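Subject: Structure handover

Hello,

Here is the structure I promised to pass on. Please open it alongside this message. My notes come right after it.

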Amino acid sequence: MSLITKAYEALGVGAVISNAVLKKGDVVVTFATSGSSGVDATATLSAGSMTQKYTHAYNTAGASPDSVCARVYTVDNDVTANITVSGNSQSQVTVVFRNAQIVDWDSTGYASGSPIQSIPTGYSTPGMGVLLVNRYTPPSNPPNYTWLTNGSASVGYLDNISTQLAQPPALSHSGGTYSATMALMLAPVNAAPHVPSMNPTGTLAAPAVLATLTPTMNWSFSDPDVGNSQKARQLKIYDGATLIYDSGKVATGSTTFTYPSSGVTALQPDKVYGWEVTVWDNHDAVSPYATRQYFKTTKAPTVTPKSPLGTSALPLMISQTPRIQWTYADTENHVQNSLQVRIKRASDNSIAHESGPIVSTNMYYDVPVGVLAAGVTYYWEVQVRDSTGMVSGFSKGQYFVINVPPGKPIPDHIPDMLRVTKRPVFEATINDDIDNDAQSFVLQLATNSDFTQGLQEFKSHFRVEGWEYFDGAAWQPFPYGTGTIPATNESRKIRYTIGVDPYYFPLVEGTKYYWRMASVDGTTGTYSEWTDQQTLVNELGTKGSCESITGWTAVGNHSISIDNTTKASGIASVKIVATGAGTPLANPALVALDGVGLKDDARYLLIFNAKAAVSGTRLHAELWGGYAQGEFDLTTEFKSYAVLLKSSQPGESKNLYFWLMAAGTVWLDQVRLYEITLGEQNVIQAGTDPRYSGDMLAVMYPYVDNSQTIPRKTSIRCGTTLAIKMKPIKTTAPVDRSVFSKFATLPITVGTQRVENSDPRIVYGGNWVNTNFTNNETSGGTTAYTTVAGATAELTFIGTGIRFGSWKSPNYGLVDVYLDDVFVATVNQYKEGATAYQQIVYENTKLPYGPHKIKIVSRAEKGSPEANGNMTAFDFFEILDTKAPAVLTVQASNNANDATPTWEDVTAAFISGEPYFFKNKLKTAPDWGLSVKIIVDAQERLGPIEIDGSGISYE
């Protein structure tokens with residue numbers, strides 16, 4: 001409903017409204033009618049006054065017309081009075097409307113109806129429409145007016161409207177001779193809200209004290225008009241005479257406002273501010289501004305950096321997971337409530353890490369693992385918030401540089417599942433620390449591969465007993481105190497012996513342990529990568545997959561393309577065609593992998609698979625902006641090639657270049673460029689460690705896209721000896737001669753073991769035409785062959801070398817060889833002329849001793865254009881084993897019942913089966929007794945220790 005109300009009404013001629021309590025602005029309407037012409041009616045007050053706003057009187061049509069008279073007044077002041085209407089009317093209605101103002105009045109004469117009326121813009125809505133009608137005739141669908149009627153005079157009013165619709169003449173006397181209608185449109189009169197009552201309150205001299213920079217202000221809303229509510233508000237904040245915040249008119253019923261923490265002029269600690277607010281009611285009437293109130297913010301806490309401290313010119317060198325520390329102070333004794341640390345890169349001020357707000361009273365923050373990069377300079381800032389919410393602001397940046405952790409030690413080769421004694425020795429090569437820091441070392445043993453069960457740690461910086469290093473001349477104990485050795489010992493050896501330090505227990509017989517080592521930076525305590533994993537980052541990203549030429553560029557007489565048919569692995573290779581020799585400098589002719597983005601003065605290992613259309617084609621590889629390069633004589637089958645490279649010339653672009661030394665065609669595949677440590681470089685250059693030479697170099701550094709962490713977990717088995725002692729056999733006399741039977745298998749001899757194609761240890765995959773083709777020329781009387789690409793044969797073995805034996809003939813083609821699941825070579829079984837049997841087509845005699853797997857994969861491709869077919873043949877594998885054999889010792893006693901028997905070595909007789917003649921003829925026990933002891937020492941071998949059975953006869 002609108003604000004307008006009907007305060008009083010009077011029906012009848014000369015009617016009096018007694019003791020009317022009138023308000024200033026009340027609208028008084030009197031309407032009089034008569035059946036004769038010249039009607040008149042006038043309203044008066046017994047006290048106070050009112051002003052006539054509108055009057056209209058006229059006669060209707062007809063020979064004997066009616067007459068109508070309307071007068072509209074507004075009361076001038078608040079008063080209690082009688083309202084008297086005088087005149088010559090026959091019918092009369094008087095009405096008093098409150099909270100109303102007249103916005104439209106229409107009276108166009110008889111028989112004309114009334115026009116449409118609306119409350120103009122700028123007035124409150126909704127309002128009320130009023131109709132004055134002579135001889136009211138209700139229509140069939142009457143408008144929803146409330147009617148006051150006396151005789152022929154009727155006054156109707158309709159509340160809660162903004163527009164009064166036009167009415168037809170038929171509303172009065174059905175539109176006949178006496179039709180007369182007048183219309184009045186009233187808008188509500190709305191008083192402005194009262195001045196808001198504000199909180200906080202204070203004067204400039206005595207402001208309210210607020211312990212926050214985001215204060216909450218509130219106020220109360222009140223309005224003279226009952227039922228009104230707040231529709232909008234506007235709030236302003238001043239810094240002295242300067243307006244720093246103006247919300248503008250905001251539509252909201254809320255009487256609370258919290259100053260934002262961002263996007264506005266920030267309030268400052270220990271400062272006085274003024275604020276004021278004005279409000280609008282739901283009829284859009286605005287209050288005056290309240291008297292400005294004042295508040296003061298409390299003082300902010302102070303934060304002072306404590307550690308690490310450094311300048312941009314002299315940054316402090318720290319670990320990759322530093323603890324950031326500071327001191328906190330607050331003059332008003334508010335405690336720290338929260339902290340926020342951010343770390344920025346000094347090079348471009350970009351944020352490397354931000355803690356976000358952390359609710360904590362701690363005056364330190366531990367930077368998480370993996371956030372900071374080695375060799376990069378950063379600076380840190382901290383801000384704190386006190387218990388009242390007051391913020392210190394960020395502290396001055398303190399600079400630090402992340403110390404590059406040392407390279408992980410390179411352990412001497414200990415194959416998986418090696419048998420060891422209870423006091424094994426773990427030996428490794430010290431890797432480099434580019435910051436030339438001293439290093440200590442950690443050895444871990446555990447009973448599971450995740451190092452979460454049965455964990456034992458041996459730290460040289462905790463206890464030096466058992467730790468030794470080789471100084472170039474002799475083994476020396478680690479120095480007491482620090483447990484570190486200086487950088488001058490890089491590339492030398494360190495070792496740890498279990499059991500030397502009585503603080504630790506020896507290993508448990510029969511237990512399997514996993515082990516790993518790490519270097520520890522002597523300056524920061526940062527650990528290197530553990531030896532049980534290898535993180536490879538291919539600096540070429542995915543470009544080295546050679547499945548696209550994106551990132552490859554050919555210039556001069558060299559051209560490149562993708563070849564989907566000739567490849568070592570994957571789906572394609574990069575084909576390079578040169579019409580002449582490459583020239584890398586003036587008028588270059590070469591192929592480049594652009595924008596590799598290498599480090600200055602870093603070491604790299606380049607490995608790739610390549611083949612040429614013509615055997616002997618020479619390929620050159622070089623890192624531009626560096627030194628060291630490689631030239632390779634390629635064969636017509638894919639092989640793995642490697643070269644050590646090093647970048648130099650700081651600031652120059654580092655591109656990887658290939659070019660042919662003469663016209664020709666080559667194919668490249670699985671190109672990888674890995675950054676390596678000085679220790680790795682030295683081991684590769686020495687060429688004495690089989691893990692880092694030959695085809696095993698490709699196995700140690702397999703191809704990866706971008707980056708990958710490869711597990712290199714290694715376990716040991718505690719216990720190298722198996723011993724069996726026979727219960728003594730009672731004899732009536734001393735045994736003079738005995739014969740010992742041989743047992744089935746025992747690893748006491750080494751050398752070459754041939755595994756035929758029919759051996760159950762061979763695992764076939766794919767489609768082989770025949771895996772048991774009989775031919776007397778083959779190694780074991782049978783061979784396997786296929787014409788299907790992807791057919792495989794593999795063998796898992798323990799040894800120091802492997803050979804692949806096959807046929808070679810005009811009917812056979814290309815076969816890929818994988819070692820430990822890494823491609824190492826393509827071999828050609830093609831041969832002109834007669835078939836050659838039992839041919840060694842691939843061999844690697846320098847494998848590191850341990851478990852390995854060889855796999856051959858049929859390419860089903862001809863080995864020569866002249867070939868008659870593309871078959872793959874598999875005859876045998878040969879396992880080479882140069883590791884020292886297990887040691888067998890057999891002892892026998894013919895006085896075994898003695899407290900201290902006499903044991904004689906009968907090993908030779910045991911193995912040969914020849915009789916053994918005892919030398920002993922004495923005993924101390926009542927009875928003679930015969931017994932045998934069999935002892936097998938594995939001698940750090942991996943093969944099984946088995947004694948299938950033994951027997952003995954004697955005389």
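Below is what turned up, region by region. Please keep in mind that this is a predicted model.

**The nonpolar cores**

Start with the largest nonpolar core, which has 31 residues. Trp552, Leu606, Phe608, Leu656, Phe658, Leu668 and Val671 touch the most other members. Seen by element, β46 (573-578), β47 (590-593), β48 (603-612), β49 (618-623), β52 (639-647), β53 (656-660) and β54 (664-676) each give two or more residues to this core. The top contributor is β48, with 5 residues.

Val671 is a good residue to click on. Setting aside neighbours within four places in sequence, Val671 is in contact with Trp552, Leu606, Phe608, Leu656 and Phe658, among others. Its contacts also include Asn538, Leu540, Gly544, Cys546, Ile607 and Tyr703.

A second core is separate from this one and has 28 residues. Among them are Ala791, Ile802, Val824 and Phe877.

**Helix α1**

Helix α1 covers residues 678-686. Its buried residues are Leu678, Gly679, Glu680, Gln681, Val683 and Ile684. Note that Glu680 and Gln681 are on that list. What do the buried residues of α1 pack against? The partners are three strands named above, β48, β52 and β54, plus β34 (410-411) and helix α2 (695-700). Right after α1 comes Gly687, with a positive phi near 70°.

**Two open sheets**

One open sheet has 5 strands. The order is β1-β8-β3-β6-β5, and the pairing is antiparallel. At the edges are β1 (5-11) and β5 (50-59), and each pairs on one side only. From one strand to the next, the twist averages 10°. To check the register, look at β1 and β8 (residues 91-98), which pair over 6 bridges in the antiparallel sense. Leu11 has Val93 in β8 as its bridge partner.

Another open sheet has 4 strands, in the order β60-β71-β65-β68. Pairing is antiparallel here too. Which strands stand at the edges? They are β60 (751-756) and β68 (836-844). Each has a single partner strand, so one side of each has no neighbour in the sheet. Neighbouring strands are turned by 25° against each other on average, ignoring direction. Strand β65 (residues 801-808) runs antiparallel to β68, and 6 bridges join the two. In that pair, Ser806 has Gln839 of β68 as its bridge partner.

**Met217**

Met217 sits in strand β18 (residues 216-220). Is Met217 buried or exposed? Met217 is buried, because its relative accessible area is 0%, against a cut-off of under 20%. Leaving out residues up to four places away in sequence, Met217 touches Asn199, Pro200, Leu235, Ile237, Thr255, Thr256, Phe257, Trp275 and Phe295. Take Thr255 from that list. Met217 and Thr255 are 38 residues apart in sequence, and their C-alpha atoms are 8.3 Å apart in space.

**Cysteines**

How many disulfides does the structure hold? The count is 0. As a reminder, a disulfide is a covalent bond between the sulfur atoms of two cysteines. Two cysteines to look at are Cys69 and Cys718. Cys69 counts as buried, because its relative accessibility is 1%. Cys718 is buried as well, with a relative accessible area of 4%.

Best wishes

Note on methods. Residues numbered from 1 in each chain as written. Predicted model: local features only at pLDDT ≥ 70, side-chain atom pairs only at ≥ 80, totals over all residues. Heavy atoms only, no water. Buried < 20%, exposed > 50% of the residue type's maximum accessible area, 1.4 Å probe, protein only. Contact = heavy atoms within 4.5 Å. Core = buried A, V, L, I, M, F, W, Y, C linked by side-chain atoms within 4.5 Å. Disulfide = S-S within 2.5 Å. Pairing = 2+ DSSP bridges. Axes fitted to C-alpha atoms, helices over the stretch in contact; angles between N-to-C directions.
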